[in-house]
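Open the structure in your viewer with a cartoon display, and keep the sequence panel visible beside it. The stops below are meant to be taken in order, each beginning with something to select.

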Amino acid sequence: MAGTDLGPSLWVDGVLSPEQMHLATLDSLKTLGPYGREFEIPLFQGQFELLRWAMVGSDQTHAQLWLQGPNRQVFQAIWFYACEPGSRLTLRTNQLLNLVYELNENWYQGVRSLQLIVRHCLACN
């Protein structure tokens, strides 16, 4: 096993164009389900600017993110278990983030919107 990198791997399905970052894409992906073992939910990679963020949840381990994509489109995202209980994230406003995420929907007051679920985050700057 010499020269083999042993560690976790994260496979992504690609990068979505700004034109694909809509509920219609999510709806199309849903028709391919059900997802599960050996047929994982699609994950995508992208670079976003962090506009603002807040820790949420009873133990403050989840991060609510507001992100701006390359075409200036703004997205809301949730990052479950972004940190351990009692610790803090070291994110900064206007920071560039390289994210692995899945598309999801959020319903609020009867309005459906696109939401990103963050699976991995790496600061670019």
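What follows is a tour of a predicted model, going from the overall fold to single residues.

**The whole chain**

Begin with the full cartoon, where the protein chain shows one helix and five strands, arranged along the sequence in the pattern α-β-β-β-β-β. The C-alpha trace spans about 50 × 35 × 30 Å along its principal axes, and of the 125 residues in the chain, 33% are buried. If you draw a contact map, count contacts between residues at least 6 apart in sequence: 56% of these join residues at least 24 apart.

**Strand β2 and its partners**

Select β2, residues 62-68, and colour by accessibility: seven of its seven residues are buried. Turning the strand, you will find His62, Gln64, Trp66 and Gln68 on one side and Ala63, Leu65 and Leu67 on the other, and both faces are covered.

Now add β1, residues 44-56, which runs antiparallel to β2 and is joined to it by seven bridges; a useful landmark in this pairing is Trp53, whose bridge partner in β2 is Leu65. The two strands form a hairpin with five residues between them, and Gly57 in this hairpin takes a positive phi near 95°.

Next add β3, residues 74-79, which pairs with β2 in the antiparallel sense over six bridges. Leu65 stands opposite Ala77 in β3, while Leu67 stands opposite Phe75. This pair too is a hairpin with five residues between the strands, and Arg72 in the turn has a positive phi of about 75°.

**From β3 to β5**

Keep β3 on screen and select β5, residues 111-123. The sense changes here, for β3 and β5 pair in parallel over three bridges, and Ile78 stands opposite Ile117 in β5.

Within β5, centre on Gln115. Is this residue buried or exposed? Gln115 counts as buried because its relative accessibility is 11%, under the 20% cut-off. Its contacts beyond four places in sequence include Gln76, Ala77 and Ile78, as well as Glu102, Leu103 and Asn104.

**The nonpolar core**

Select the side chains of Phe48, Leu65, Leu67, Leu99, Tyr101, Leu103 and Leu116, which touch the most other members of the largest nonpolar core, a set of 25 residues. At least two residues of this core come from each of α1 (23-30), β1, β2, β3, β4 (96-108) and β5. In soluble globular proteins, nonpolar side chains tend to be buried together. To follow one member outward, take Leu116 and show its contacts beyond four places in sequence, among them Met21, Phe48, Leu67, Phe75 and Tyr101.

**Val100 in β4**

Move to Val100, found in strand β4, which counts as buried because its relative accessibility is 9%. Leaving out residues up to four places away in sequence, Val100 touches Leu10, Val12, Leu43, Phe44, Ile117, Val118, Arg119 and His120. For a distance check, draw a line from Val100 to Phe75: the two are 25 residues apart in sequence and 14 Å apart in space, C-alpha to C-alpha.

**The largest pocket**

Two of the Val100 contacts to keep in view are Leu10 and Leu43, which also belong to the lining of the largest pocket. Which other residues line this pocket? Select Trp11, Val12, Asp13, Tyr35, Phe39, Glu40, Ile41 and Pro42 to complete the lining. The pocket has a volume of about 180 Å³, and its lining divides into eight nonpolar residues, no polar ones and two charged ones.

**Backbone details in the loops**

Most residues other than glycine have a negative phi, and most peptide bonds are trans. With that in mind, zoom in on the loop between α1 and β1, where Pro34 is placed: a cis peptide bond joins Gly33 and Pro34, with omega about 10°.

In the loop between β3 and β4, select Tyr81, whose phi is near 55°, a positive value in a residue other than glycine. Tyr81 is classed as exposed because its relative accessible area is 63%, over the 50% cut-off.

Finish in the loop between β4 and β5 with Gln109, another residue other than glycine with a positive phi, here near 50°. At 69% relative accessibility, Gln109 also counts as exposed.

Note on methods. Residues numbered from 1 in each chain as written. Predicted model: local features only at pLDDT ≥ 70, side-chain atom pairs only at ≥ 80, totals over all residues. Heavy atoms only, no water. 1 Å grid on protein atoms, 1.4 Å probe; cavity = no way out; pocket = protein on both sides within 12 Å on 5 of 7 lines; lining within 4 Å. Points joined across faces, edges and corners; volume = space filled by probe spheres on them. Nonpolar A, V, L, I, M, F, W, Y, C, P; charged D, E, K, R; others polar. Helix = DSSP H or I, 4+ residues; strand = E, 2+ residues; numbered from the N terminus. Buried < 20%, exposed > 50% of the residue type's maximum accessible area, 1.4 Å probe, protein only. Contact = heavy atoms within 4.5 Å. Core = buried A, V, L, I, M, F, W, Y, C linked by side-chain atoms within 4.5 Å. Pairing = 2+ DSSP bridges.
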